[in-house]
Structure formats: C-alpha cells, structure tokens
Amino acid sequence: MRTTDTSEKGLEALIEEYLCSEQVGYERAYSNEFDRDLCINKKHLFRFLQETQPEKHEKILKRGEAKFLKRLSEQVRKRGVIDVLRKGVKDLDLKINLYYKKPSSELNKKALQRYQNNVFAVCRQLYYSADNKNSLDMVIFLNGLPIITLELKNHYTGQNVKHAIKQYQNDRDPKESIFSFGRCMVHFAVDPDLVYMATKLEKRNTFFLPFNKGNNNGAGNPTNPHGLKADYLWKEILVKEGLSNILENFAQIVEEVDEDTGRKKKKLIFPRYHQLRVVSKLLDDARKNRLDNRYLIQHSAGSGKSNSITWLAHQLTELHDENNDNIFDSVIVITDRRVLDKQIRDNIRQFAQVKGVVEAITEGSSQLKQALEDGKRIIISTIQKFPFIVEEIGELGSSKFAIIIDEAHSSQSGETASKMNLALANKDIRNVKGYGIAAEEEAIYKEDPEEALDTEDLINAFMEHRKMLKNASYFAFTATPKNKTLEVFGEKKEDGKFYPFDLYSMRQAIEEEFILDVLENYTTYQSYYKLNKAVEDNPEFDTKKAQKKLKTWVESHPFSIREKAKIMIDHFHSEVRKQINGQAKAMVVTKSIRNAILYFFAFQKYLREIHSPYKAIVAFSGKKTVDGEEYDEAKLNGFPSNDIPKEFKKSEFRFLIVANKFQTGFDQPLLHTMYVDKKLRDVQAVQTLSRLNRAYKPWKKDTFVLDFFNSVDDIKVAFEPYYTTTILSQETDANKLNDLQDALDAAGIYTEDDVHNFTDLYFKAADREELDPIIDSCKVNYDVDLSEDEQVDFLVKAKSFNRTYSFLSKILDYNNPYWERLYWFLKFLIPKLKPVEEEDLAKGIIESVELDSYKLQRTTTDKIKLEGGGEVDPAPAAMAGRKGDLELGQLEEIIRTFNERFGNIDWMKDDKVKKVMFEEIPNQLEMDEHTIESIRNSDRQNARITSDDKVTELVQDFIFTSTDFYKMFMDNSDFKRQYLEFIFNKLWDKANEDRPSR
C-alpha cells in the first residue's frame with residue numbers, strides 16, 4: 001500500500017514539485033552539471049547568455065569559456081553574488097549582464113521578455129565539494145549561480161530545524177567555495193514548521209536568525225489550514241517574484257566601521273520575514289491610496305528598524321502609478337535620535353544603487369532647502385534641525401512627499417509638527433516666513449498690504465497647515481506608541497479603536513531572542529525611615545506638603561544615598577561583574593540631577609574603600625550647584641560630555657549614573673543591570689528599562705533590575721499595553737473643545753471682539769503697542785473679577801484648551817476659525833495669568849527634623865509575566881481646577897504620621913537581639929587585645945579584613961542562643977554588610993584612640 005512520504009526526501013520533493021510547477025516556472029538542476037571549483041552551473045549560465053546577449057555569448061566562446069568562467073568566479077568571490085547579479089561583470093571589452101530586473105510595468109514587452117529569460121533553478125542533493133561526498137539538501141540557482149542553500153529536517157524522522165542548524169555549524173566547512181562569504185545570499189535551515197537563516201557560515205559561531213511569520217504575537221508560525229506551517233518559504237519567498245524583489249531591493253553587502261578601532265567589516269544583510277512584510281504592505285497601500293495617508297508601524301526594539309526604514313525609503317522613491325509617474329517626488333527621513341541619524345544615513349547611502357539621490361542634512365536649513373530644490377530623492381534630517389527650515393524653504397510648488405518618521409511620538413508633537421507641515425505645504429501663502437517668525441514671538445511682517453491675504457484667509461490657511469499635509473503621506477515607526485501617536489497615525493477600525501498598521505511585537509522579539517526580557521529578574525527594595533524632632537517647640541505646617549517634602553528629603557539624604565549606593569556596588573561585585581563574559585555594566589537611574597551627583601560622589605568613595613578596579617560616569621544636562629559648588633558632566637567625569645558613550649565602552653567604566661539622560665535611544669549591549677531610584681510611569685518605564693534588552697550573543701543570557709522606587713505591579717501595568725499590539729481605546733472627544741470654549745468665554749475676562757481684534761493685529765504683525773493693551777485689559781479683569789478658585793479654574797481650562805486643540809487640529813476634518821483664533825489669543829494671555837503665589841506653609845519642616853534611622857529591605861524578586869492586549873486611553877482634557885484644601889498639623893503629629901506610614905517595622909525584633917548586636921559582640925571584640933592590636937598595626941583595608949573575619953567567627957557562637965540574629969546575619973547580605981561596617985568603625989575608632997602618640 002502506498003502512503004504519504006513524510007521523510008526528509010519527501011519534503012524535498014514537495015518543495016521541488018511546487019517550484020518546478022508550471023505556475024512558478026523553475027527548472028530542475030542536477031549535481032553533475034555543477035562545477036565544484038568555480039561554483040557555477042555552466043549549462044544554465046551559457047543558455048541565459050545565449051538567449052539574452054547572443055553577440056557577447058559568441059565572443060566569450062571564441063575567446064574560450066574557461067577564461068570567462070574564471071573571471072566570473074573571481075568577481076563573485078570578490079564582490080559577492082548580489083552585486084554581480086545586479087551590475088554584471090566586465091571581461092575585457094565586454095560588459096556582461098548576469099540578471100535582468102523585473103520591469104515595474106508589463107507595458108515594456110522587451111524588458112519583460114528579458115526578465116522571463118532569467119533561469120531560476122532548484123537542485124536536490126548537490127554534491128558541492130571536491131574533497132568529500134557531502135551534499136546539500138537543496139540549492140537555488142539564478143542564471144547558473146548558486147544564491148541560496150537549504151538544509152531540510154523532518155519531525156517524523158526525529159529531527160527538526162535545530163538539527164539543520166547544527167549541520168551547518170558542524171558539517172559545513174566555510175572554506176568550501178559555495179559557503180564562502182557573499183557567494184550565496186542566504187543559507188536556510190528548514191523543517192515543516194520553522195525557518196531559520198544565516199548569511200555567513202563560521203562553524204560553531206554561525207548565527208542563525210528566525211525567518212518566521214510569528215504566531216499569536218509571539219515566535220513561530222501559525223497553523224496553516226492549506227498546508228505546512230513553513231510553506232510560505234517556497235510559496236512566497238522562493239518564487240521568482242519573491243526572489244527578484246529581495247535581490248533587487250533588499251539583500252545587500254554593507255561595510256561597517258568600528259568607531260573605536262576604525263576597522264572595516266563587511267556584513268551581508270538579508271531581510272527578516274517581518275521586514276519584507278511591512279515594506280511590501282506599505283508599498284502596496286501607498287500605490288493604491290497615493291497621498292494623504294498615515295501609517296503607524298509598531299516594531300519592537302530588535303526588529304531591525306533602521307534597515308526597514310532604509311528599504312522603505314528607497315522603494316518609495318521608485319513607486320509609480322499606472323501612468324508610470326512617481327507617486328512621491330521626495331522621501332524625507334526624520335529621526336529624533338542623533339545616534340540613529342548617522343546609522344540611517346550610512347545605511348541609506350550604502351543601499352543606494354544610484355549615486356547622488358541621497359542627501360543628508362548636516363549643515364542646517366539652507367542645505368535642506370537646496371536639497372528640495374535640487375530634487376534629491378531621499379533627504380535625511382534630524383528633528384532638531386527640521387523646524388528651522390520654515391524661514392528659508394520658500395515655495396515648493398506641487399511637490400509630493402513621503403515622510404518617514406523614526407520614533408514617531410517625539411517627532412510629531414505640538415508646534416514642531418505645525419512648522420514641519422507648513423514648510424512642506426503646497427500653498428501660495430506669501431507670509432509663510434512671517435508666520436514662522438510670529439510663532440516664535442518675533443513678528444516681522446512687511447508684506448505689501450495691497451497684495452497681502454486678508455486675516456480670514458490667513459487664519460484658514462494656518463488651520464489647514466496645522467493639519468497633516470494633503471500632499472504627503474506619513475510612515476511613522478515606533479516601538480512604544482503613545483495615545484496621541486495612535487490617534488494621529490493609527491488605523492481606526494469598526495470598533496472605534498485605533499491600531500497599528502503593522503506589528504512586530506515585544507513578545508515576538510523576546511521569544512525570537514532578538515532582545516532579552518528585562519522583567520525576567522525584577523527585584524524591589526522597600527525603604528523604611530524613622531524621624532525625630534530636632535527643635536524644642538512644636539510649630540504647625542501644611543500636612544500634605546510637609547509629608548511630600550519629608551519623603552523627598554529622606555530619599556535624597558546623603559546617608560540614604562550612600563546606603564543605596566553600597567547595596568548597588570556590593571550587588572554588582574557579587575552578582576553582575578561576572579556576567580557577559582566579565583564585561584557587564586550597570587545603569588543607575590536617579591530622580592534628579594542633585595541625586596545623580598550625590599550618587600556619583602558616593603560611588604567614588606565606596607569604590608575606593610573596597611579597592612574596586614571599576615569607575616562610574618555621571619550623565620545629566622546643564623549645570624547644577626550642590627552644597628555651594630557648581631558642577632557639570634565634564635568637571636565630574638574629567639572628559640567632555642560628548643565622549644560619555646565612547647568612554648563608557650571602556651572596561652574600567654562599569655556604572656553610568658543618569659538623571660533624565662540616556663534613558664531612551666541609548667544602545668549599549670553590555671548593559672546588564674539597572675538600579676532604579678526614580679518613579680517610572682507608562683511608556684517612560686518601558687523605554688528606560690529597555691536600555692537593558694539589547695542582545696550580546698553568546699554571552700548575554702539575562703538582565704537584572706533592582707528597583708528602590710517602583711512596585712512590581714507598577715511596572716507590570718506600565719509594560720502591559722506594549723507587550724503585543726498597542727491599542728487606543730477610543731478617539732479624543734473633540735466636543736471637549738466646545739465645552740472648554742464655552743466655560744472660558746463665560747468667565748467674562750475677554751470678549752469675542754477681544755479675540756478677533758488681537759488675532760487680526762497679530763497676523764498683520766502690528767506693533768506691540770497695539771497688541772499688549774488688549775491682553776493687559778483682560779489680565780485686569782482676571783485679577784479683579786475672579787476669585788482665587790475661579791482664577792485657578794480658568795487657567796487650568798485655558799491650558800487644557802490649547803493643549804487639546806494643538807493636538808486635535810492636526811487630525812480634525814472640520815474647521816472652526818474661532819478655535820484657531822482663541823488658541824493664539826490664549827497663547828499670549830496664559831503667560832500673563834500667573835497663579836496666585838501661595839505661602840509655603842511647609843517651609844522650615846526639613847530644618848525641624850533629623851534622620852534617626854534608615855533601613856532598606858529586599859521585598860521581592862519576581863519574573864513579571866505579561867499577557868499583552870492592554871489598551872491605552874486618549875489624553876484627557878482637564879475640565880476643572882481649584883485650589884487644594886489646606887490642612888495644618890503640628891510637627892509632632894506630622895512626624896508621628898510619617899513614621900507610621902514609612903517606618904512601621906520592627907527595627908530590631910526583640911531586646912535580646914539588640915543586646916547581642918550592640919553589647920555582647922562589641923564588648924567581646926573590644927576586650928580581645930589581639931584583635932585590637934592587629935587593627936592598630938594595620939592599614940584600614942587589612943584592619944577591615946581582620947575585623948570582618950573576627951565578627952563572622954563570633955556570630956557562629958550565637959547559632960543556637962540567638963537564632964534570629966544568626967539567620968539575619970547569614971541570609972541578609974545588606975544587613976551583614978551594614979553590621980560589619982558598624983562594628984569595624986567602632987573598633988577602628990577605639991584602636992586609634994589607644995594608639996600611642998609619636
């Protein structure tokens with residue numbers, strides 16, 4: 001009885017049969033046709049040349065085919081098969097094409113025929129070596145040149161894709177011609193469920209990447225109701241159109257330069273499945289829907305986002321409509337990360353197959369203006385440079401733009417977006433420059449009044465410019481989309497929620513091992529404090545403010561910072577420094593610049609005390625005065641600020657102490673551990689902790705977070721919406737603007753005429769003498785007519801109106817001229833409406849207390865498990881505000897409440913333990929003349945060793961008589977360190993007191 005062939009050979013036959021079917025059009029190749037030395041199927045090569053370049057083919061034969069074959073093989077070895085297929089080879093006076101591109105339109109019959117003459121072939125069991133009888137399961141050839149190898153395995157014979165990977169690593173010699181770098185585009189390890197790929201074979205160091213679709217937002221492939229899970233490989237990728245697309249638009253050998261050594265290294269890039277998918281989806285949709293579209297691409301860290309942006313940029317420039325006209329005149333790539341700016345610039349330049357189409361803006365707005373006027377097809381700029389082009393850019397006519405934004409939430413917020421849109425707008429607005437400068441409160445508008453547009457035209461134009469451009473499409477890439485990003489760029493579905501256009505999730509990136517799970521080892525510490533009254537009297541303070549001030553003071557107290565610094569450093573030396581093959585580094589995240597500086601000093605001191613070989617770097621912006629002295633990064637670190645990333649790479653620098661710096665966009669794979677002493681919320685928590693997630697194979701296997709500030713539940717809530725698809729629950733209610741406007745108008749501090757008169761004057765660049773009286777008059781009404789609560793309420797509503805309108809105006813599909821006028825009127829009124837300065841009734845609370853006790857206790861070490869599917873809500877508009885209620889309390893009561901809230905622990909379990917700790921052991925040591933003499937005659941380091949050894953020895957005596965103390969000492973490393981330090985300081989002081997004077 002004949003049954004289904006479930007063997008490895010059966011899988012080979014299945015793939016071969018599909019590829020060689022009439023609908024796909026592959027030919028069969030055979031191993032005996034293959035020249036093992038030259039790595040060429042001569043039969044297919046010469047047939048291709050004869051059919052496409054008959055005259056050149058004839059010359060080659062006359063000169064001797066062996067010489068040409070040798071020349072071709074050398075060129076493939078030197079340049080790589082991708083470049084040879086794309087550009088052909090020169091042989092004496094001949095320029096030989098080795099491949100013909102697929103034409104963008106079938107109207108060009110000659111080009112189509114040439115493409116159809118390309119010979120795609122598949123060979124089973126290719127014997128590739130002259131030295132042995134090893135064979136490859138399958139090899140794909142194009143015009144006689146091998147471009148892809150495949151090793152197949154089958155579950156039913158007890159093997160899977162991992163066995164195929166090991167076969168490449170152990171049994172495939174990279175010295176063989178077919179496996180030399182660049183000879184083939186890619187090597188696939190395949191089983192019926194999974195596909196992995198490698199572009200360079202290096203024996204056991206060969207690194208295979210997943211080439212899978214993803215399953216339920218995780219790794220792997222979904223069940224295929226029509227066939228094998230992995231059949232997309234031969235049904236989508238290996239078909240002629242799929243391979244042609246990859247060869248022509250994706251695969252590339254690039255050159256990377258090590259910034260530290262200057263050494264150059266070649267790397268072959270082959271797209272991962274999700275990269276092919278997102279670029280193809282975007283191109284198809286842009287071809288179909290043309291301009292005025294927005295796309296949100298949520299691709300996790302580890303997705304290869306820079307390459308995806310590069311491939312998309314190039315292919316958008318080649319996108320044509322049915323009349324063969326360009327859909328986009330220029331593609332503008334914007335990044336808000338300076339490091340990535342260079343990375344993307346270098347990528348795009350190397351991928352450019354035609355010189356002169358790429359312009360990187362490095363010199364400012366005039367260079368950008370010139371690039372646009374010169375019709376550069378790809379323009380790269382940082383968001384920091386982009387807003388300033390509005391003064392110089394002038395008119396752009398009817399140009400059509402594709403705007404690719406890296407990390408969309410930073411690049412398209414507030415008036416930065418308005419300026420960018422205005423700069424590219426296809427409108428004849430003669431005072432564009434005037435508007436740009438007016439936006440910066442430098443009105444210099446000297447337009448001829450007879451030619452100038454009237455105020456209403458300008459208002460309508462400004463409103464339209466603030467919206468997303470009609471002559472552009474936006475392609476926004478981010479790993480962590482915020483609510484506003486989802487509403488601006490996301491796709492609104494029938495359920496009223498907003499979704500990304502394409503997703504490569506954090507979960508999939510973790511499961512595919514492109515990034516590490518930063519929540520795998522999450523340890524939290526709880527701080528406990530005890531305060532005493534430091535003054536005789538019992539003054540009253542504002543209770544709420546006093547409690548906040550006390551909490552901040554204690555957490556920033558030099559003693560608490562020293563204690564936390566010691567825990568961090570001890571933990572690093574005992575648990576972290578051996579990680580990543582002994583190269584591991586740590587980041588310390590602090591809540592303020594002052595705290596960062598205090599941590600830096602504490603680290604310096606303790607690292608010296610324990611004779612650590614490691615050093616710390618501190619990072620913050622600007623300057624800060626601490627204890628009367630002004631500091632900046634360069635003064636503390638001893639090198640310029642710009643050198644911090646480079647210096648941190650050095651082996652001796654293991655700690656990077658930061659205050660609101662390097663928490664996003666900083667990529668250092670050797671970062672293993674993060675010590676957090678700051679509140680982290682929402683997307684900030686995800687972005688900050690994700691500094692640890694970069695892989696560093698094979699050494700980096702996990703990460704570690706030690707958090708003094710946040711709970712496990714806090715972090716879980718922050719990460720949940722970003723683990724899989726991030727969804728916006730609903731759109732922002734634009735009617736909130738109506739409600740806010742009604743409330744503001746009803747307050748009676750301005751009239752509608754005030755708003756109109758002010759904006760009429762402002763947009764005609766009137767003198768300040770005409771503008772200011774309108775605002776000042778409204779300010780008087782605010783001061784006189786409104787109570788304190790009403791003033792606070794008005795100010796909250798005014799700020800809320802402007803914040804909400806600034807966002808909604810980009811996406812509203814209707815116009816309300818009064819809202820636009822009110823926005824500009826309030827923009828100038830708000831700064832005048834300073835809230836009533838309240839007396840600080842908590843002033844002096846810090847001087848009235850002293851820190852009695854401070855204790856840190858490890859609370860939990862968890863693996864935080866995420867489910868995904870969490871939703872984010874739209875940003876709310878603040879609809880009301882009022883002064884807070886004042887509650888006064890006496891100092892003693894405030895301290896008692898504070899101690900109950902933050903110090904409610906048994907500082908020492910019982911009197912018996914206290915007696916052992918503070919009497920019995922210290923007394924025994926002080927009476928031990930041998931120990932005291934040893935300490936007296938030693939330096940501090942050796943004296944400490946003597947003291948610690950003796951204490952540890954004495955503690956053993958209490959294993960039965962004081963079990964609680966013994967267990968605390970042996971099991972709690974933080975307590976042990978603190979206690980040893982306490983005893984040593986007592987003994988050192990005593991030894992020095994008794995030291996004879998000389």
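## Helix 32, salt bridges and a positive patch

Helix 32, residues 817–829, has 13 residues and reaches 18 Å from its first C-alpha to its last, close to the 18 Å expected at 1.5 Å a residue. The model described here is predicted. Eleven of the 13 residues of helix 32 are buried, which leaves the helix mostly covered. Among the buried residues of helix 32 are the aromatic residues Tyr 818, Trp 819, Tyr 823, Trp 824, Phe 825 and Phe 828. Leu 822, Leu 826 and Leu 829 are also buried there, and so are the charged residues Glu 820 and Arg 821.

Across the whole structure, a search finds 40 salt bridges. The table gives three of them.

| Pair | Closest N to O distance |
|---|---|
| Lys 305 and Asp 406 | 2.7 Å |
| Lys 863 and Asp 517 | 3.2 Å |
| Lys 564 and Asp 677 | 3.0 Å |

The side chains of Lys 305 and Asp 406 meet in a salt bridge of 2.7 Å, N to O. Lys 305 lies in helix 11 (residues 305–317) and Asp 406 in strand 18 (residues 401–406), so this pair ties together parts that are 101 residues apart in sequence. Lys 305 counts as buried because its relative accessible area is 11%, under the 20% cut-off. Asp 406 is buried as well, with a relative accessible area of 1%.

A salt bridge also joins Lys 863 and Asp 517, at 3.2 Å from N to O. This pair links distant parts of the chain, 346 residues apart. Lys 863 sits in the loop between strand 33 (849–862) and strand 34 (871–872), while Asp 517 sits in the loop between helix 19 (506–511) and strand 23 (522–533). Lys 863 is partly exposed, at 39% relative accessibility, whereas Asp 517 is buried, with a relative accessible area of 18%.

In the salt bridge between Asp 677 and Lys 564, the closest N and O atoms are 3.0 Å apart. Asp 677 belongs to strand 30 (residues 671–677) and Lys 564 to helix 21, so the pair ties together parts 113 residues apart in sequence. Both Asp 677 and Lys 564 are buried.

Helix 21 spans residues 558–576 and also holds Arg 562. Arg 562 forms a positive surface patch together with Lys 605, Arg 608 and Arg 940. The relative accessible area of Arg 562 is 35%, so Arg 562 is partly exposed.

Elsewhere, Glu 12, Glu 16, Arg 28 and Arg 124 are linked in a network of salt bridges.

Terms used. Residues are numbered from 1 along each chain as its sequence is written. This is a predicted model: local features need pLDDT of at least 70, side-chain atom pairs count only at pLDDT 80 or more; totals for chains, interfaces and linings use all residues. Side-chain values use heavy atoms; hydrogens and water are left out. Patches are made of residues with over 30% relative accessible area and no salt bridge: like charges are joined within 9 Å, nonpolar side chains (Val, Leu, Ile, Met, Phe, Trp, Tyr) within 5 Å. Accessible areas come from the Shrake-Rupley method with a 1.4 Å probe; for residues, only the protein chains shown count as cover. A salt bridge is a side-chain nitrogen of Lys or Arg within 4 Å of a carboxyl oxygen of Asp or Glu. Lys and Arg count as positive and Asp and Glu as negative; His and the chain ends are not counted. The place of a charge is taken as NZ of Lys, CZ of Arg, CG of Asp or CD of Glu. Helices (H or I, at least four residues) and strands (E, at least two) are DSSP runs, numbered from the N terminus. Buried means under 20% relative accessible area, exposed over 50%, partly exposed in between (1.4 Å probe, protein chains only). The expected span of a helix is 1.5 Å times one less than its number of residues.
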